[in-house]
Amino acid sequence: MTILTTQRLRLEPMTDAHADGLFAMNSDPEVMRYITGKADTRDDTLAMIERVKARWLEFGFSWWSFVELETEQIIGAGCIQYLGRDPANPLEIGWRLRQDKWGQGFASEAAQVMASFAFDTLKGDLLCAVCHQDNKGSAHVMKKLGMQYRGIERWYEMDTAVYDMTRAAWAAR
């Protein structure tokens, strides 16, 4: 299982040890507003960790917890996974952050290293990202990463804005 690092973050594959920090983030209705539309329960977070651990074992990639190096606190989470959780689909990148860390560049910092992992390590040809159509913050991170708007598509039981980037575009940036 791969640990990724940036200037301010350590991205650790999710484990049971991250449950408290992840639950603190996922139980915030504002964090979850565009993801599930409701705050997670502790059981929701624990079930997510179990799914993620299984995907790490099956695929060798999934969700990371974002640990802020300065505080050693979990401030976010992000993933490389198959779009729609289906290996027949291209790779997807995603993220979420604690509300007190929004607007400080952490999502973009993590997205850069996760995209590099998707293209350089996993050798993905296409990387997609989806977000709720009203989620301007996530869309901004997608554009900043170099992704192009593809349109509105139905993923995860909602009509989402879809962005993507090819490996060639990543290499040329």
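## A mixed open sheet and the helices across it

Helix 3 (residues 42–59) lies across strand 2, strand 3, strand 4 and strand 5, and runs at about 110 degrees to strand 3. Helices (H or I, at least four residues) and strands (E, at least two) are DSSP runs, numbered from the N terminus; axes are lines fitted to C-alpha atoms, for helices over the stretch in contact, with angles running from 0 to 180 degrees between N-to-C directions; and contact means heavy atoms within 4.5 Å. The model is a predicted one, in which local features need pLDDT of at least 70 and side-chain atom pairs count only at pLDDT 80 or more, whereas totals for chains, interfaces and linings use all residues. Residues are numbered from 1 along each chain as its sequence is written, and side-chain values use heavy atoms, with hydrogens and water left out.

Helix 1 (residues 19–26) lies across strand 3 (63–68), strand 4 and strand 5, running at about 90 degrees to strand 4. The sheet itself is open and consists of 8 strands in the order 1-2-3-4-5-6-8-7, with mixed pairing, where two strands pair if DSSP finds at least two bridges between them. Strand 1 (4–5) and strand 7 stand at its edges with a single partner strand each, so one side of each is left without a neighbour in the sheet. At one of these edges, strand 1 and strand 2 pair in the antiparallel sense over 2 bridges, and leucine 4 stands opposite leucine 11 in strand 2.

Strand 2 (residues 9–13) also holds leucine 9, which counts as buried at 0% relative accessibility; here buried means under 20% relative accessible area, exposed over 50%, and partly exposed in between (1.4 Å probe, protein chains only). Leaving aside neighbours within four places in sequence, leucine 9 is in contact with Leu4, Phe66, Val67, Glu68, Leu69, Ile75, Phe106, Glu109 and Ala110. Leucine 9 and methionine 158 are 149 residues apart in sequence and, C-alpha to C-alpha, 31 Å apart in space.

Methionine 158 leads to the other edge of the sheet, where strand 7 (residues 148–155) and strand 8 (residues 158–166) run antiparallel and are joined by 7 bridges; the bridge partner of glycine 151 is valine 162 in strand 8. The two strands form a hairpin with 2 residues between them, and tyrosine 156 in the turn has a positive phi of about 55 degrees. Glutamate 157, in the loop between strand 7 and strand 8, has a phi near 60 degrees, a positive value in a residue other than glycine, and is exposed, with a relative accessible area of 74%. The side chain of tyrosine 156 makes a polar contact (3.4 Å) with the side chain of glutamine 81, a polar contact being a pair of N or O atoms within 3.5 Å, of which, within protein, one must be able to donate a hydrogen and the other to accept it, while residues adjacent in sequence count only if both atoms are side-chain atoms. Glutamine 81 lies in strand 4 (residues 74–82) and is buried, with a relative accessible area of 7%. Beyond its neighbours within four places in sequence, glutamine 81 is in contact with Arg55, Phe61, Trp63, Pro90, Leu91, Glu92 and Tyr156.

Helix 5 (residues 136–145) has Ser138, Ala139, Val141, Met142 and Leu145 as buried residues. Seen down the axis of helix 5, these fall within an arc of 155 degrees, so they line one face of the helix, the arc being that of the directions from the helix axis to the C-beta atoms. They pack against strand 5 (91–97), helix 4, strand 6, strand 8 and helix 6 (167–172), whereas the face turned away from the buried side carries the exposed residues Lys136, His140, Lys143 and Lys144. Glycine 146, with a positive phi near 105 degrees, follows helix 5.

The packing can also be followed through the nonpolar cores, each a set of buried Ala, Val, Leu, Ile, Met, Phe, Trp, Tyr and Cys residues joined through side-chain atoms within 4.5 Å. Of the 50 residues in the largest nonpolar core, Ile80, Ile93 and Met114 touch the most other members, and helix 4 gives the most to this core, with 10 residues. A second, separate core of 5 residues includes Leu83, Val130, Trp155 and Val162. After helix 4 (106–121), the loop before strand 6 (126–132) holds lysine 123, which counts as partly exposed at 48% relative accessibility.
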